[in-house]
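Here are some notes for a colleague who is opening this structure for the first time. Please read them with the model in view, taking the points in order.

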Amino acid sequence: MYDGGMEFIMFVALGILAGTLGGLLGIGGSVIMIPVLLFFIPDMSIHLAQAIAMTVNPAVAISSAAKHQHNLNVSWRAVWRVIPLSLLCISAAAWFSNSINGAWLEFSFALFLIWVFWDQISCFVNKNSKAEVQSKQTSLFRFGLTGGITGTVSGLLGIGGGLIQVPLLNRVCSLPIKKAIGTSSAIMFVTAIVGASVKDLTLQDVENGGLTALLYAAQIIPGALIGGWLGAKLTNVLPNKTIRVIFAILVALASYKLFSKAIPILF
């Protein structure tokens, strides 16, 4: 059990870690935040953890997006074409997720983490799977497909969506990987604000759910702002192979813990 001081330090450290990974990999940081909140905060529910993470995600996105824009790694053409359907889908999915049994959400999140683990490992197994591609004219359908898939999964699982959005922008919308990461951060800033607002306003899992999520998020956001800027800076400075290995190990452990918690309840 943490006292107030230790809990605050943990939140700041969590914000820096989630923000750095978010800026480096073009994600919101929920993949780290949600498991940490569930495992280390007493009586934390999956619905509240999702709301907190979604509320923090805009802070991760804005600081990393600003740095990526400075590095000319944001395609605004892609941003404006992905956002409309993404906003619609994340709003509907975030509202619907509050009615889903918490154990099923934890089980689904664990399955998603397995996919994340495989995606990170495949970067090394298939060295050309995320090769740079040249930007070219991409149909509105492809941008819409990217926004629809990312928004739906983001709203249901409480994530920023970058782990899905970056590969889609790269492979489906033909953006080079660094530009896909920067563009994902810019898109996420807008979609995360809307998704978090819907999630917080409709959260019924805990008393004063939306306010509680905001109070927790306020302690994480300062570190997330710092980490988001730092991670975006590292994108153009360091090879991220080691970071991806560490990240893959973390999500594998988190997936195991979530499965061990959800499976006895569901099955």
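1. The lining of the second largest pocket is made up of Leu17, Val31, Ile32, Pro35, Val36, Phe39, Phe40, Leu250, Leu253 and Ala254. Please keep in mind, here and below, that this is a predicted model. The volume of this second largest pocket comes to about 200 Å³.

2. Which helices supply at least two residues each to the lining of the second largest pocket? They are helix 2, spanning 30-40, and helix 10, spanning 241-266, and it is helix 2 that gives the largest share, with six residues. Sorted by class, the lining of the second largest pocket consists of ten nonpolar residues, with no polar and no charged ones.

3. One of the lining residues of the second largest pocket, Phe39, also has a charged partner worth locating, since Lys257 lies over the face of Phe39, at 5.6 Å from the ring centre.

4. Turning to ring contacts, the structure holds six aromatic pairs. Among them is the pair of Phe11 and Tyr216, which is edge-to-face, with 5.6 Å from centre to centre and 80° between the planes. This pair links distant parts of the chain, as Phe11 sits in helix 1 (residues 4-25) and Tyr216 in helix 9 (residues 209-235), the two being 205 residues apart. Are these two residues, Phe11 and Tyr216, buried or exposed? Both Phe11 and Tyr216 are buried.

5. A separate item to find in the view is the aromatic cluster formed by Trp104, Phe107 and Phe259.

6. Helix 7, which runs over residues 162-171, is mostly covered, in that nine of its ten residues are buried. The buried residues of helix 7 are Gly162, Leu163, Ile164, Gln165, Val166, Pro167, Leu168, Leu169 and Asn170. For orientation when looking along any such element, it may help to recall that an α-helix has 3.6 residues a turn, so residues three or four places apart point the same way.

7. On the cysteines, a search of the whole structure finds zero disulfides. Why does Cys89 count as buried? Cys89 counts as buried because its relative accessibility is 18%, and the cut-off for buried is under 20%. Cys173 likewise counts as buried, because its relative accessibility is 2%.

Methods: Residues numbered from 1 in each chain as written. Predicted model: local features only at pLDDT ≥ 70, side-chain atom pairs only at ≥ 80, totals over all residues. Heavy atoms only, no water. Buried < 20%, exposed > 50% of the residue type's maximum accessible area, 1.4 Å probe, protein only. Helix = DSSP H or I, 4+ residues; strand = E, 2+ residues; numbered from the N terminus. Disulfide = S-S within 2.5 Å. 1 Å grid on protein atoms, 1.4 Å probe; cavity = no way out; pocket = protein on both sides within 12 Å on 5 of 7 lines; lining within 4 Å. Points joined across faces, edges and corners; volume = space filled by probe spheres on them. Nonpolar A, V, L, I, M, F, W, Y, C, P; charged D, E, K, R; others polar. Phe/Tyr/Trp six-rings, centres within 6.5 Å; stacked < 30°, edge-to-face > 60°. Lys NZ or Arg CZ within 6 Å of the ring centre and 35° of its normal.
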